[in-house]
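Trainee: Hi, could you walk me through this structure? I'd like to get a feel for it before I go back to the bench.

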Amino acid sequence: MRLHLSILLAALLTVQGDVRDVTFASAALGRTVPYRVLLPAGYEASDARYPVLYLLHGLDGHYTDWVDRTKLAQHLGGRALIVVTPEGANSWYVNWHAGTNERWEDYLAHDLIADVDARFRTEARRESRFIAGLSMGGYGALRMGLKHPEQYAIAASVSGALNITRLETYGWTDGLRAGFLKAFGPQGSDRRAEDDVFELARRAPPGAMPFFYLDCGAADPFLPGNRELAAILQERKIAYEYRETPGAHNWAYWDRQIVPILNLIRPPAQAPARK
């Protein structure tokens, strides 16, 4: 039986216990993309609705990383929380300077949220929606919170590559550097300024912002940028928490430091709201 491709892709859902992989068509990207969902215990037997955490991966990573490379499922414990780990490729989660079908910011802010809210029993409101990430994903999460404060109650970063728009290269391969320049454009361009989290924070209206959480290891090369953004948030009187702990830019650190973010978003003992 021949089915229309879009119908087939919309129905593609692989169930692995409480972990599900979904593929959907993104209008902003002009193609299909995957994401992974971790559902709380008792989801199928319940009619409750749940808050959602969108958890972003880092550069050269994929949507499976948080589940495959950390103890995320174990850390979630009894939390009444849906976690979505979307594919971000090496996009930096921005609408690219070059490439009409590389609108990654729009994909995150609109297409992905709409698909998750339609497919799962979510509390589809700003107060119950959170975004976080590591490294490239930390930059992406804080930038999304600054640019779309109406969407998220908390934006959190661990080891965020926050000064990325100021760099020309970071010891990357030619392919990664080429993609980086397509995403942000050349140094001094208007696009660089639009995507700079420090400038966004300086212009942000304090009362309209989500709560920001920043965490960075003391041996992390991105530490100065994290300190700088924390200082700007302090100066602007934007609500935030900053943590600096021993550790480097690696999975051991990210696996440990995702726990305080989960505790901030949804403590284990909290129950979901009923319909």
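**A loop to start with**

Mentor: Happy to. Let's begin at T165, which lies in the loop between β7 (154–158) and α6 (174–184). Keep in mind that this is a predicted model.

Trainee: Is T165 buried or exposed?

Mentor: T165 counts as buried, because its relative accessibility is 7% and the cut-off for buried is under 20%.

Trainee: And how far is T165 from V197 in space?

Mentor: Their C-alpha atoms are separated by 8.5 Å, with the two positions 32 residues apart along the chain.

Trainee: Okay, new topic. Which residues touch the most other members of the largest nonpolar core?

Mentor: Those are Y35, I82, W92, Y107, F120, F212 and L229, in a core of 58 residues. Helix α4, residues 104–119, gives the most to this core, with 7 residues.

Trainee: What about the other core, which residues are in there?

Mentor: That one lies apart from the largest core and has 24 residues, including F130, A156, Y253 and W254.

Trainee: Let's stay with helix α4 for a bit. What can you tell me about A109?

Mentor: A109 is in helix α4. Its relative accessibility is 1%, so A109 counts as buried. The C-alpha atoms of A109 and K147 are 9.6 Å apart, and the two are 38 residues apart along the chain.

Trainee: D111 is a charged residue, right? Where does D111 sit, and is it buried or exposed?

Mentor: D111 does count as charged, and it is also found in helix α4. D111 counts as buried because its relative accessibility is 17%, and the limit is under 20%.

Trainee: Which residue can I pair D111 with across the sequence?

Mentor: Try S26: the two are 85 residues apart along the chain, yet 5.8 Å separates their C-alpha atoms.

Trainee: And V116, where is that?

Mentor: V116 is in helix α4 as well. With a relative accessible area of 0%, V116 is buried. From V116 to Y35 the C-alpha distance is 9.6 Å, with their positions 81 residues apart in sequence.

Trainee: Y35 again! How many aromatic pairs are there?

Mentor: The count comes to 11 aromatic pairs. One of them is F24 with Y35, an edge-to-face pair at 5.7 Å centre to centre, with 70° between the planes. F24 is in strand β2 (residues 19–26) and Y35 in strand β3 (residues 31–38), so the pair links parts of the chain that are 11 residues apart.

Trainee: Are F24 and Y35 buried or exposed?

Mentor: Both F24 and Y35 are buried. Another edge-to-face pair is W104 and Y107, with centres 5.4 Å apart and planes at 85°.

Trainee: How are W104 and Y107 spaced along the helix?

Mentor: They are 3 residues apart in helix α4, which means about one helical turn separates them.

Trainee: What is the accessibility of W104, and of Y107?

Mentor: W104 has 3% relative accessibility, so W104 counts as buried. Y107 is buried too, with a relative accessible area of 0%.

Trainee: Which residues make up the aromatic cluster, then?

Mentor: F24, Y35, W104 and Y107 form one aromatic cluster.

Trainee: While we're on rings, what sits over the ring of Y43?

Mentor: The charged end of R121 does, 4.1 Å from the ring centre.

Trainee: Let's switch to backbone angles. Which sign of phi do most residues have?

Mentor: Most residues other than glycine have a negative phi. Here D60 has a positive phi, near 65°, and W92 has a positive phi of about 65° too.

Trainee: Where are D60 and W92?

Mentor: D60 is in the loop between β4 (52–56) and α2 (65–69), and W92 is in the loop between β5 (82–86) and α4. D60 is exposed, with 56% relative accessible area, whereas W92 counts as buried at 3%.

Trainee: Last thing: how much space is in the second largest pocket?

Mentor: About 200 Å³. There are 15 residues lining the second largest pocket, and L39, P40, A41, G77 and R79 are the closest to its centre.

Trainee: How does that lining divide by residue type?

Mentor: The lining of the second largest pocket has 11 nonpolar, 2 polar and 2 charged residues.

Notes: Residues numbered from 1 in each chain as written. Predicted model: local features only at pLDDT ≥ 70, side-chain atom pairs only at ≥ 80, totals over all residues. Heavy atoms only, no water. Core = buried A, V, L, I, M, F, W, Y, C linked by side-chain atoms within 4.5 Å. Buried < 20%, exposed > 50% of the residue type's maximum accessible area, 1.4 Å probe, protein only. Helix = DSSP H or I, 4+ residues; strand = E, 2+ residues; numbered from the N terminus. 1 Å grid on protein atoms, 1.4 Å probe; cavity = no way out; pocket = protein on both sides within 12 Å on 5 of 7 lines; lining within 4 Å. Points joined across faces, edges and corners; volume = space filled by probe spheres on them. Phe/Tyr/Trp six-rings, centres within 6.5 Å; stacked < 30°, edge-to-face > 60°. Lys NZ or Arg CZ within 6 Å of the ring centre and 35° of its normal.
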